[in-house]
Amino acid sequence: MAIAKMSHVRLIGLRRDQNKIIDELSEGGLFEARAVDSVPSELISGDTGLYRELKLKQSKVAFALGFLKARHEAMASALEDNARKVKKGEEQPIEYTLSGEKYGGGRTLITHDDFSDAAAREYELLHVCDELQRISFDIVDCQSRMGNIKSTVTAYAPFAAAPIKLSEQSRSGGISISLYYSRNSSAPQDVLDALPCAYEIRRNDGALVIVVCKSENADEISQQMGASGFTRCPFDDDCTAEQKITALENELNDVKRQIFELTKNALDYEKYVADLRILYDVIELDIERAKAEESFAKTDSTFVLEGWLPEAVAQETVDKVTASCKNICVQLLAPKERDEPPTLVLNSKVVKPYEQITDMYSSPRYREIDPNPIMAIFYFLFFGIMIGDAGYGLVLAIAGFLVGTSKKFDVGIKRLALLVGMGGISAIVWGVLFGGYFSIDFGETKVAILLNPLDKPLLLLVLSIGFGVVQIVTGFIIKFVALCKEGKPFSAVFDCGSIILLFAALICLVIGMLPSLAPMLGVNVGFVPPKSLNIAAIALALTGVALILFFGGRNSKNVFGKVIGGFKGLYGLVNLLSDLLSYCRLFGLCLASCAIGLAFNRLGEILMGVPIAGYVIGGIVLAVLHVFNLALGVLSAYVHDARLQFLEFYGKFYDGGGRLFAPLGSKTKYVRFN
């Protein structure tokens, strides 16, 4: 498959038909708006008032959903805390059952009727948002009061040990009674002994001093206590500090009960969560349309819109619009050279999951080759080699295809699951070739069809490098063809052809050396390669080097630059060698997975040898260890396989930098359509 050709649509219609026209264009999810190329001075651009209004509505819905989620989590935490205290006998159980509403799990599968129903109930649902906002204000007010009460309790706490009412701090009848507090629990008793007063020290987190003295000495004593780091009690309540704290704690509990009741009231609206999620995306669609309308050119009675339609359905879509609205003028134009149309990649169901690998790197440009079909082949092969076990592959294939074909999951998760599932099929094939079945050691029995990685690691290394040669050469061939199509045959020959010749020389050289390499690799070679292969290898290598040396600096304007450019091209072959060695990771990951699995099996055998419960314990431990090895292998294969595609393969021919086709109505956060 390839990148779909796009048509540039330009439409002029009456303002009264604008909404109907946009509905027709966006109904099939095939129209992407773009800014009008040139706006005459007499045309008026769209205003942003509607866009701001819609964003305000959407922010209300987003707040409501976030607030309900926060209150749900707060209630769950409160119930858990209450359950712990009930077990300790500290509290009575709270009679409340929390709903099973889930606030995660990806986008919900709905029908278009559900979408339309939520749109029709917009007024009701926005009223729900207003009610939740009011409740949130009340909760914030209560939380503010809680903060004030807690800070007040903190202020009274140092004087809680005083047995007197705070109002008794006075100077009456010639006697002064005062309370002083210091965080330093070691009160300077020698200072107190020198003062003309009677005192009592009570120690807890700090030092509380009750001072009784004559009124005329009160000021002097206060100065001395202040100099010693003591603070005089500023309160004069007609109760003790402990009584005041008790009253404040009761008030704090009342506020907590208010917050609890407000939270219950808020959670009564959880029945609207599903509808609010749909409404969020309903408004998102309206926002997309409003944003698109801002790019339209308008007069008081007419408007001009432009956008992109896939060429295959462009005429059909235009005919549908013109059939419903007669007073319009529509043009379908081919993209201009300076245009950058969006990219719509058309691939089969088999290749589709691999598109997300390319998109992680960069989406293809409109006029660029789609690398996914070719990349998918290599990614599929390399993933299986890195796992290298048929048992693991079977597990991955079953799990991947079960998730990938389920309607419960979002498109992104399903594609990732299908990618892993296809990787599992590759692992089954390579596992059979390698004789890997959950890393079981079959002893002298030969189960490997091709090779056993642990018995012939060098052969596996050569195989990995061989795949690297094939992929890198494929990349240069694609670049060669692309340059020829662009009308640059000399660049194709000098930049790509020279490298292809060098790799051809390498292949000839390796084939010629097979008889001498065979004993080292542990294989039998049933033929004698002709000696002319060595001559061909030398000729190809010399030709490739000459092309690089003499034409590598051809774009430089002076002789010195041309010479240096040629030598720089030769030096660049070092990077090519580095790219080739990167494919050793196929060998390393396969070998590691096999060795770790084998070690886990040995450990399981030891545990199973323990009397009585040995088989049970050993089986459980073995299962857990193999799950761990499988998870580690899948993660490593996914990451390292992607790295090989991004750096070693795409670096040879692929530029990227495209923008994916995003038609009106395609952006949803909470829902997806059946």
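Is Tyr650 buried or exposed? Tyr650 is buried, with a relative accessible area of 0%. Keep in mind that this is a predicted model. Below is a quick tour of its largest pocket, its aromatic pairs, its nonpolar cores and a few residues picked out one by one.

**The largest pocket**

- The largest pocket holds about 1600 Å³ of space.
- It is lined by 45 residues, and Gly29, Arg107, Pro663, Gly665 and Ser666 sit closest to its centre.
- Quite a few elements chip in with two or more lining residues each: helices H1 (18-26), H3 (112-120), H8 (273-294), H10 (355-361), H12 (390-404) and H13 (411-434), plus strand S13 (671-673).
- The top contributor is H13, which gives six residues to the lining.
- If you're thinking about chemistry, the lining splits into 18 nonpolar, 12 polar and 15 charged residues.

**Aromatic pairs and a cluster**

- There are 29 aromatic pairs in the model.
- One of them joins Tyr361 and Tyr650, whose ring centres are 5.5 Å apart with 55 degrees between the planes, so the pair counts as tilted rather than edge-to-face, a label kept for angles over 60.
- That pair ties together distant parts of the chain: Tyr361 belongs to helix H10 and Tyr650 to helix H21 (residues 614-653), with their positions 289 residues apart in sequence.
- The two partners don't share a burial class, since Tyr361 is partly exposed at 33% relative accessibility, while Tyr650 is buried at 0%.
- Both tyrosines also belong to one aromatic cluster, along with Phe378, Phe382, Trp430, Phe434, Phe467, Tyr583, Phe646, Phe649, Phe653 and Tyr654.

**Nonpolar cores**

- As background, nonpolar side chains in soluble globular proteins tend to be buried together.
- Here, the largest nonpolar core has 54 residues, and the members touching the most other members are Tyr379, Ile387, Phe503 and Leu586.
- At least two residues of this core come from each of H11 (372-387), H12, H13, H14 (457-485), H15 (489-512), H19 (573-581), H20 (584-608) and H21.
- Zooming in on Phe503, its contacts are Val469, Ile472, Val473, Leu576 and Leu580, leaving aside residues up to four places away in sequence.
- Another core, of 52 residues, lies apart from the largest one, and its members include Leu54, Ala64, Cys233 and Ala241.

**A buried glutamate**

- Glu355 sits in helix H10, the helix that also holds Tyr361.
- What is its burial state? With a relative accessible area of 7%, Glu355 falls under the 20% cut-off, so it counts as buried.
- Setting aside residues up to four places away in sequence, Glu355 touches Val345, Asn347, Asn372 and Arg415.

**Positive phi in the loop between H13 and H14**

- Phe438 is in the loop between H13 and H14, and its phi is near 55 degrees, a positive value in a residue other than glycine.
- Ser439 is found in the loop between H13 and H14 too, and has a positive phi of about 60 degrees although it isn't a glycine.
- Their accessibility classes are worth setting side by side: Phe438 is partly exposed, with a relative accessible area of 35%, whereas Ser439 counts as buried at 10%.

Terms used: Residues are numbered from 1 along each chain as its sequence is written. This is a predicted model: local features need pLDDT of at least 70, side-chain atom pairs count only at pLDDT 80 or more; totals for chains, interfaces and linings use all residues. Side-chain values use heavy atoms; hydrogens and water are left out. On a 1 Å grid over the protein atoms alone, a cavity is a set of points where a 1.4 Å probe fits but cannot get out, and a pocket is an open set with protein on both sides within 12 Å along at least five of seven lines; lining residues have an atom within 4 Å of a point. Grid points are joined across faces, edges and corners, and a volume is the space filled by probe spheres set on the points. Helices (H or I, at least four residues) and strands (E, at least two) are DSSP runs, numbered from the N terminus. Ala, Val, Leu, Ile, Met, Phe, Trp, Tyr, Cys and Pro count as nonpolar, Asp, Glu, Lys and Arg as charged, and the others, Gly among them, as polar. Rings of Phe, Tyr and Trp (its six-membered ring) pair if their centres lie within 6.5 Å; planes under 30 degrees apart count as stacked, over 60 as edge-to-face and the rest as tilted. Buried means under 20% relative accessible area, exposed over 50%, partly exposed in between (1.4 Å probe, protein chains only). A nonpolar core is a set of buried Ala, Val, Leu, Ile, Met, Phe, Trp, Tyr and Cys residues joined through side-chain atoms within 4.5 Å. Contact means heavy atoms within 4.5 Å.
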